Protein chains: 4
Amino acid sequence: MENPEAKTLGVGMVGYAFMGAAHSQGWRTVGSVFDLPARPAMSAVCGRDADAVRAAADRHGWAAAETDWRALIARDDVQVVDVCTPGDSHAEIAIAALEAGKHVLCEKPLANSVAEAEAMVEAARRARERGQVAMVGFNYRRAPAIAYARRMVADGRIGVLRHVRVAYLQDWIVDPDFPLVWRLRREYAGSGALGDLGSHIVDLAQHLAGERLIGVSALTETFIRERPLPAGAVAGLGGAGAGGAARGPVTVDDAALFTGRFGSGAVASFEASRFAAGRKNSLRIELNGDRGSLAFDLERLNELSFHDHTEPAADSGFRRILVTEPEHPYLEAWWPPGHALGYEHTFVHQARDMVFAIADGTGPEPSFEDGLQVQRVLAAVEESAEKSCVYTPVPV
Amino acid sequence: MENPEAKTLGVGMVGYAFMGAAHSQGWRTVGSVFDLPARPAMSAVCGRDADAVRAAADRHGWAAAETDWRALIARDDVQVVDVCTPGDSHAEIAIAALEAGKHVLCEKPLANSVAEAEAMVEAARRARERGQVAMVGFNYRRAPAIAYARRMVADGRIGVLRHVRVAYLQDWIVDPDFPLVWRLRREYAGSGALGDLGSHIVDLAQHLAGERLIGVSALTETFIRERPLPAGAVAGLGGAGAGGAARGPVTVDDAALFTGRFGSGAVASFEASRFAAGRKNSLRIELNGDRGSLAFDLERLNELSFHDHTEPAADSGFRRILVTEPEHPYLEAWWPPGHALGYEHTFVHQARDMVFAIADGTGPEPSFEDGLQVQRVLAAVEESAEKSCVYTPVPV
Amino acid sequence: MENPEAKTLGVGMVGYAFMGAAHSQGWRTVGSVFDLPARPAMSAVCGRDADAVRAAADRHGWAAAETDWRALIARDDVQVVDVCTPGDSHAEIAIAALEAGKHVLCEKPLANSVAEAEAMVEAARRARERGQVAMVGFNYRRAPAIAYARRMVADGRIGVLRHVRVAYLQDWIVDPDFPLVWRLRREYAGSGALGDLGSHIVDLAQHLAGERLIGVSALTETFIRERPLPAGAVAGLGGAGAGGAARGPVTVDDAALFTGRFGSGAVASFEASRFAAGRKNSLRIELNGDRGSLAFDLERLNELSFHDHTEPAADSGFRRILVTEPEHPYLEAWWPPGHALGYEHTFVHQARDMVFAIADGTGPEPSFEDGLQVQRVLAAVEESAEKSCVYTPVPV
Amino acid sequence: MENPEAKTLGVGMVGYAFMGAAHSQGWRTVGSVFDLPARPAMSAVCGRDADAVRAAADRHGWAAAETDWRALIARDDVQVVDVCTPGDSHAEIAIAALEAGKHVLCEKPLANSVAEAEAMVEAARRARERGQVAMVGFNYRRAPAIAYARRMVADGRIGVLRHVRVAYLQDWIVDPDFPLVWRLRREYAGSGALGDLGSHIVDLAQHLAGERLIGVSALTETFIRERPLPAGAVAGLGGAGAGGAARGPVTVDDAALFTGRFGSGAVASFEASRFAAGRKNSLRIELNGDRGSLAFDLERLNELSFHDHTEPAADSGFRRILVTEPEHPYLEAWWPPGHALGYEHTFVHQARDMVFAIADGTGPEPSFEDGLQVQRVLAAVEESAEKSCVYTPVPV
């Protein structure tokens, strides 16, 4: 039942592309599904193109549109700033919002560099003292199967951890004639598969393990070194004339493979690639402990695979738990058992957890500190890859 | 992009329980995802309990609340009546709405009897002449994998159909002490697994096959003949005293198994049960033709399994198509490849198709005639089950 | 360790085609894998073509070759007669062997008619009084996963049985130009998919359930009514001239679908087809009880799927037991855990169980009585199919 | 049909434990299944314990038993020496056999050191000039699905290779109280999971890729550093008294994780572990190219998963090829489509290929050179692991 006295929480979102659409779904839906301590109001969305942002506001249900993110932050009806822009503007917007007294939800990866991330953490630390909340959007933590896996690990169901193995595989640039989009250029994207996919799996591995990587050894590869410039490409990339014949250099990794060690002695393997033909958005993770194992596949996100190693061998095996029971995280609010959730539900859950964190005044997870630590792992990966794979500690 | 000149289409919904929540999700989301010829407005919701319906309106985003469905139908801001009540009131509400000039979306099964369904079809026929639309809510047709399977069958990809086999299995009443809820009593529910689950699979089988069953042979069973009366049970069920010891008779089927024939010569097998321990909401369907086969499992609703029998045997096999590509039905409007949809998306798609049907003035599928025909199949199933399984033709 | 004092048990096999090759593998291998109370000796094989049977003897390791099955039965070095001929000669050979004092292993189905099967049972009964053993070759009972499933059912792991559903699907005659081989003619094969595949699944369903079907309702279909006569076809089939244009009538079923009831109140569904494109040898069986469920797929014969319904719903699900542990039936004698067995191992296990049955003097399972009962079910299926699917009791 | 003029090929086997039993199955069965240019005769088996080897000979069908491998090599009725002993005696036996003019089949890994392997290669080179054959027993190459995958790669079905990822996971020493058996001591086993499991996956990865690794980066771990001495352990391990309390150091790796580069630019990831709870004998390998992908799982060894990336995205996906068609490698000789083979069939196929190699006078694959190269990869892995994971070239 709706709480008639629930206060309103005004949200302002910066950016309205893929992530903006997903976050809008989250904010629009959350109040209809969950009993919340405060009712989110979709106050305003911000983008540079006035017509486009107005259309996006209409489409996604935002009450107002802004073209200057500083104006959005300044609005009185905005208490939460949701940052959905590309990584190179995260730090500036998030820090400004925090300093303006707003709560901040920032898309992953937290920033394009460790230095930026450190500044964001410092801003969040100061803001926390003022009762503000800052969260980074590693949304996969909010898939119910992942949340339940985390609970099982915390409850000791897999015992002492030995192995984590995780791969995040896509295939959208297998074709060598796929154009040189901004995601394939370091100056815009920071890195390639590593930052985009690798940040997710580093966060998930650490979140599920309940501990942090202390060092990594890595290898990265760029299989296609030059690609056609996209239509309307900037001149600086090679002076593309009318034709599509002009090509420019790919300056990010196509794939990153790395191994790592946890402080507890467990070991981990990671693979992130955009060249795994047939794997569209395949994120598989497995944890092996001395009392059991867990496995998850994002392509079947309502399922969790669990092996209970304390059972007699003749009766044991990986069981497929359909994570749709009311006892499972987030599920009590949804449909009856056996009714599947999808990708975007992770954003509804993220919105829910953000609202509760604000109401409770507790720091939500993943915090900006968590986001910074993932950046440090990625930086260590890049350093190792540059230094012939040598084992590289992750700074604490 | 949003069409600023799109006219508004006011929706009024009767009922706000499980199905009402799902339909609300559909109406609330559809305009943010799809480009529509008209913008649905959630005008009013109706229920008997004033406080509860008001709370439901707030929660799900309906502008107004009504306690009398006749008042809802009479509202000027309602052009579409969405009937989400139990089956015993479908006919009365839907016919009244059609006669009042409203478009109607009616939950499945269309009615609790063939006679009611026939009256609804007649009302829909007259309404169609006035440009009104009537659709029955077999939402699983709108799972993208099902819609794509239908397209493949229509394109001849499986050739001449030989077999359809389908089972819809649940397990929520395995426990003999599960109480005698209304769904287990014929006077309220009409039938048991047959009407609830069987109607879905009969519709899906015929929809995918592209043809209709001409006869069936059936067996039904009620495993647990008596169950505890629920707390607060009506006296008529046996004068339950204070204790929970009182039990009443289960008057519907727990499971229904039937076979059938299509006009083309293909054969089909069906099974609907609430006693399949471990199967939460498992709807599996397979079609075999002389050029290929298709298989689908609702628990993995983003996947479609296809075997191309025209390929060399050494290279062929069931392939798992992840139905998340922009070329797949409904998918262009959603997320990038590999990002899963869930159960409730079928209601978003249903809302989309209803809006287009109204705008186009074309009869939507499944029509009330389709709903009536499913009722006739179910009636033939019940008749066969009463007559020692004898093959029973389905009236045309 | 080998028992040096183990006595020898001479085996004589009639027939050396597909089944003969499989049985030969069984007899050749069993003594190297299992500790046996008697050592099987491959004394003689019998076939009508002297050259061919001599070659088969050499190839498969039989010491001698015979061209007259009566001569084979009469041999002093034959104590066990293994009948691998087509069904129309089972009764004559098996009865003669039993009357000659030999133990008999007879391929399934036991016979082509109930009357023949009854005569065989009578012969086996008399032979049993003389200490002889008679077994019918439903080899799938000896897949370790099936044997373990049977043990779990017997141990009460799935509780009170509610459902059995089983399908045996193949696709080798999907092409309408596949020739009219003997298996498609009633005079030779008795029936089509029903006898060939249906006999297996009726036996498995009853074996796993631990009880017998009491009645069935059935539908059979022949999709392709005429087929090209094979090269060298007998004139009687239509006077085929030189060309391949001549066609003859298919006189057996292509597919059989039936439902059934067990005495306990459980219900069952069966499907046997040779028209399921892409399903090569797919035998899937599932049992649902009130304490759990079991599922098996012959294409993954080292795996058993088990759902324990007594566990909390949030932690339960179908687990995939890899049936390769030493505690599993037959497995102690084989490889370490995780090393797969194949189809032919069922024949090694069958040979093992036959040897032990002879040594123990106990009637082996499945007995000729079991084989007769399966014939009675199949006869009831055919009767029901002829009588508009009407429910037809299985004679006790 | 058997070729009556086929000459006999006498086989002598050294060792009769797990591998000896598997090889025996291969030699015993091969002639009954395949048409061979020469008929293998199981002449003699060799082991140190006279009684035990005699029993093994009886059980597995070897005509004679020897207790001195030099005597076995010297026998006139032995033309092929099959070396199934632990790795530390491979070099001595294999070289002696080659120098005595015998063909040699040697179990994997070829040797415990690169130096030994080099000496074996040199002996094999000299023997080849005399027409002798030397093969190393990487039996998994002979799983039909692997052989077919190799053919597909060679035919260009996956195009330019980008990724190989492979893991071989077991769980038999998860329990910290599992005793300190010889496999966990470097002086006997050479290495742990790396040599035992890693050798298989390095061979498979290179075999399927059709090219060799040029460098690796590796991390190894021993999770349990001390284990209980087994009953009857040698005194040198710590002077175990009567009790089971004495423990000794584990001196091999429990797990090895490594990445690698192929000369073509493709990258690979490897993981071998005995600590993956619930994974009994799980060997999974996937290859991604720019035209397609292949995946295989040893626990489902009759299946091959193939994605054809040249098909339209909407219709493509990983297909499950059941590798049981007569067109598949080795399958024509076996059962009809859909009938599964098992682990030991790889040894039957190995025996077949060895016989053909001898008859044809061509060097079989994998050759001793192939075995040496795998040893060099493993040595580079160990070197990298000792040097902080630094990228370590594999000597050519």
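Which residue is the bridge partner of Cys106(B) in β6(B)? In this predicted model, the partner is Val136(B), and the pair offers a way into the sheet of chain B to which both strands belong. Strand β5 of chain B, which covers residues 103-107, runs parallel to β6(B) and is joined to that strand by 4 bridges. The sheet itself is open and has 6 strands, paired in parallel and arranged in the order β3-β2-β1-β4-β5-β6. Its edges are formed by β3 (64-66) and β6 (134-137) of chain B, each of which pairs on one side only. On average, and with direction ignored, neighbouring strands of this sheet are turned by 25 degrees against each other.

A helix accompanies these strands. Helix α4 of chain B, made of residues 90-99, lies across β1 (7-14), β4 (80-83), β5 and β6 of chain B, and its direction makes an angle of about 170 degrees with β5(B).

Helix α4 may also be followed in chain C, where the neighbour to consider is another helix. Two packed helices are described by the angle between their axes and the distance between the axes. For α4 (residues 90-99) and α5 (residues 114-129) of chain C, the axes come within 9 Å and cross at roughly 10 degrees; since angles under 35 degrees count as roughly parallel, α4(C) and α5(C) are therefore roughly parallel to each other. The crossing of α4(C) past α5(C) is left-handed. On the side of α4(C), the contact involves Ala91(C), Ala94(C), Ile95(C), Leu98(C) and Glu99(C), which meet Glu116(C), Ala119(C), Met120(C), Ala123(C), Ala124(C) and Ala127(C) of α5(C). Sorted by class, this contact has 9 nonpolar and 2 charged residues, with no polar ones.

The next step leads from single chains to the meeting of chain B with chain D. Here 13 residues of chain B are in contact with 13 residues of chain D, and those on the side of chain B divide into 5 nonpolar, 3 polar and 5 charged. Strand pairing also links the two chains: β16 of chain B and β16 of chain D, each spanning residues 318-322, pair in the antiparallel sense over 3 bridges. Within this pairing, Phe318(B) stands opposite Arg320(D) in β16(D).

Chain D has a further relation, to chain A. A turn of 180 degrees, with a shift of 0.0 Å along the axis, lays chain D on chain A with an RMSD of 0.0 Å, which is therefore the relation of a two-fold axis. The same surface serves both copies, as 100% of the contact residues of chain D recur in chain A. Among the residues of chain D, Val390(D) comes closest to the rotation axis, with its C-alpha at 2.1 Å.

How values were computed: Residues numbered from 1 in each chain as written. Chains lettered and ligands numbered in written order. Predicted model: local features only at pLDDT ≥ 70, side-chain atom pairs only at ≥ 80, totals over all residues. Pairing = 2+ DSSP bridges. Axes fitted to C-alpha atoms, helices over the stretch in contact; angles between N-to-C directions. Contact = placed C-beta atoms within 7 Å. Nonpolar A, V, L, I, M, F, W, Y, C, P; charged D, E, K, R; others polar. Parallel < 35°, antiparallel > 145°, perpendicular 65-115°, else oblique. Left-handed = near helix turned anticlockwise from the far one by under 90°. Least-squares fit on C-alpha atoms with pLDDT ≥ 70 in both.
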